Amino acid sequence: MEKFSTHSGVGAPLRRSNVDTDQIIPAVWLKKVTRDGFEEGLFSAWRNDPDFVLNQDAFKDATVLVAGPDFGTGSSREHAVWALQNYGFKAVISPRFGDIFRGNSGKAGLLAAEVDEKVVQRLWDYLDDNPGASITLDLESRTVRAGAGVDAIEDSFTIDDYTRWRLLEGLDDVGITLSHEDDIVTYEASRPSFKPVTL
Amino acid sequence: MGKTLAEKIWEEHVVRRHEGEPDLLYIDLHLIHEVTSPQAFDGLRLSGRTVRRPDLTLATEDHNIPTTDLDKPIADLVSRTQVETLRRNCEEFGVRLHPMGDIDQGIVHVVGPQLGLTQPGMTIVCGDSHTSTHGAFGSIAFGIGTSEVEHVLATQSLSQAKPKMMAVEVVGELPGGSTAKDLILALITQETTGGGQGYIVEYRGEAIRKLSMEARMTICNMSIEWGAKAGLIAPDQTTYDYLQGRPSAPTGADWDAAVAHWDSLVTDDDAVFDKVITIDASTITPFVTWGTNPGQGVLLSGNVPNPADIEDDNERIAAENALRYLGLEAGTPMKDIKVDTVFIGSCTNGRIEDLRVAASLIEGHRVADDTRILVVPGSVRVRLQAEAEGLDQIFKDAGAEWRGAGCSMCLGMNPDQLVPGERSASTSNRNFEGRQGKGGRTHLVSPDVAIATGILGHLAGPADLAQLETAGA
């Protein structure tokens, strides 16, 4: 996984709450057996609408998505994270994420930054007034920044310590766990015999 | 201080605990299907790793499986490739697979319990959010993404921060004509789609104790729809009676040892939950959704709500979007909504009890003109059981379609999809935009409401059917 420290990129305001993973990538796209090529399916139902944010010139190269609460609810499909990444997104900002989506983001290297709902509202307004403007996310200091001067937005975002550390270091989770294989072996020796097996 | 049921199971599975890190949890059972596993197996190959415990892993084909023309190869080539990829991966890594055509094929969350692999006190994961279903047996079961599937394949463990604990106290008793599905739909509307976020939820109370295993699975299945990490119910005699004699259930001395342990899997009297919520089952009447997330629900006897009455900005905009998408007018009585397609099936309501109820209600009636009913058993064994009981004939006589087993129209990865503008009453779990097919419009309902709706052609409940019978008599 690539290391993530700071990212600055065009912000796209997605003025919707409850964006479930079926909206991010509909099921018909899940038949692929690779981790790439999902960008075309990203928000595919909404992409038909010329007014949709990613169809506007100022936002089409966005790398930071600013969404309403409960982003990524529903299905466990990690394809939702891949679709955002394949399109070019490096980070999603929302007041609240679906649990599994947030976990998947941390594993795949997409920053899921949780902020206060008021911050999302300010970012939305800022991006509407300044289409194509950048948003900066500093993972080291857990800070989101946009704009300059008196109207500048600077606030903190939440991400758990462990995910932050893994993203900063670009670490492979399986590798970390396998370094504790002795603990797994010890645990397995004490499992009760009545637990079921499949073979 | 005592422990909650979920804390007990959690503690029993901690492989490694270290300050500042999530716990490393051992996984007792890893279920796999064709959609979320191919990239995980690729990851294993790339890093030269193997499946650590194929004997704790089980695969089945479900999401892509057609429900007609079962004797032919899958017509959709992309679906076929995905299914064949699973078969190759299972063979290469030594994982047991129940493929299309096998008697134990079916929806992964129907197959696990049916085989007796799902037991109290276990940790169970699957690359599928409805893994929460297995919590009905008193296990911690949750959905994971593909990176985590790879992690479990390689290590049989998972790094997890311990969630908070919530109790849902269900007081009172469900009235006749109301089902577990109505109860969970009402709860999700009460708590909204984010209400359970960060919690493992234990469903408790007299109404829960009286539910059958299958009804408990319906409840736990939809835990994810209000954002909970997992949902579970303490095991009891109902659980043991369901399990005993199933192929993978313990036998002899192992059974006794297992039951002795399972008996300890209850929340201690002095345990403290981080949050307790209460719902009164005695007030539950048939409940349906009017919107595009499972928290947008209303009594079947109610009306489509008016977004203008919703104070919260985000919720109001979501309601406006939902009504526009669903083509509904605020204030319309729910029972005036005409329905094109009724879907009975899924990991929420595709088990034998669901089909028995559905058959008993449809017997002697006809499916309404311009409406179709699809009945899709959750597994091949459910299908065969239903056929042995003659349920298939009852459905066919009424004009309903009797299909093969799989996920089917719950998410439309196989050919069973709604067309744009088509409206369904569905016993599945998600009414998201396009979930059942691009432009499709979904109302989530119980099997009882589904059948009444299919007979009358508009959203309706068993009571409306009874009135029809009285009028006809």
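**A tour of chain B and its contact with chain A**

Begin by selecting chain B: for its 473 residues a compact globule would have a radius of gyration near 23 Å, and the 22 Å of chain B agrees with this (the radius is taken over C-alpha atoms, and the globule rule is 2.2 Å times the number of residues to the power 0.38). The model is predicted: local features need pLDDT of at least 70, side-chain atom pairs count only at pLDDT 80 or more, and totals for chains, interfaces and linings use all residues. Residues are numbered from 1 along each chain as its sequence is written, while chains are lettered from A and ligands numbered from 1 in the order in which they are written.

Chain B holds 17 helices and 19 strands (DSSP runs numbered from the N terminus, helices being H or I of at least four residues and strands E of at least two).

Next, select β1, β2 and β8 of chain B. They form an open sheet in the order β1-β2-β8, with antiparallel pairing (strands pair if DSSP finds at least two bridges between them). β1 (14-16) and β8 (157-160) of chain B stand at the edges with a single partner strand each, so one side of each lacks a neighbour in the sheet. Within β1(B), V14(B) lies opposite L25(B) of β2(B).

Now add α8(A), which packs on this sheet and touches β1, β2 and β8 of chain B (contact requires C-beta atoms, placed from the backbone, within 7 Å).

Finally, display the whole contact, which takes 50 residues from chain A and 65 residues from chain B. On the side of chain A that touches chain B, α4(A) gives the most, with six residues.

Note on methods: Contact = placed C-beta atoms within 7 Å. Axes fitted to C-alpha atoms, helices over the stretch in contact; angles between N-to-C directions.
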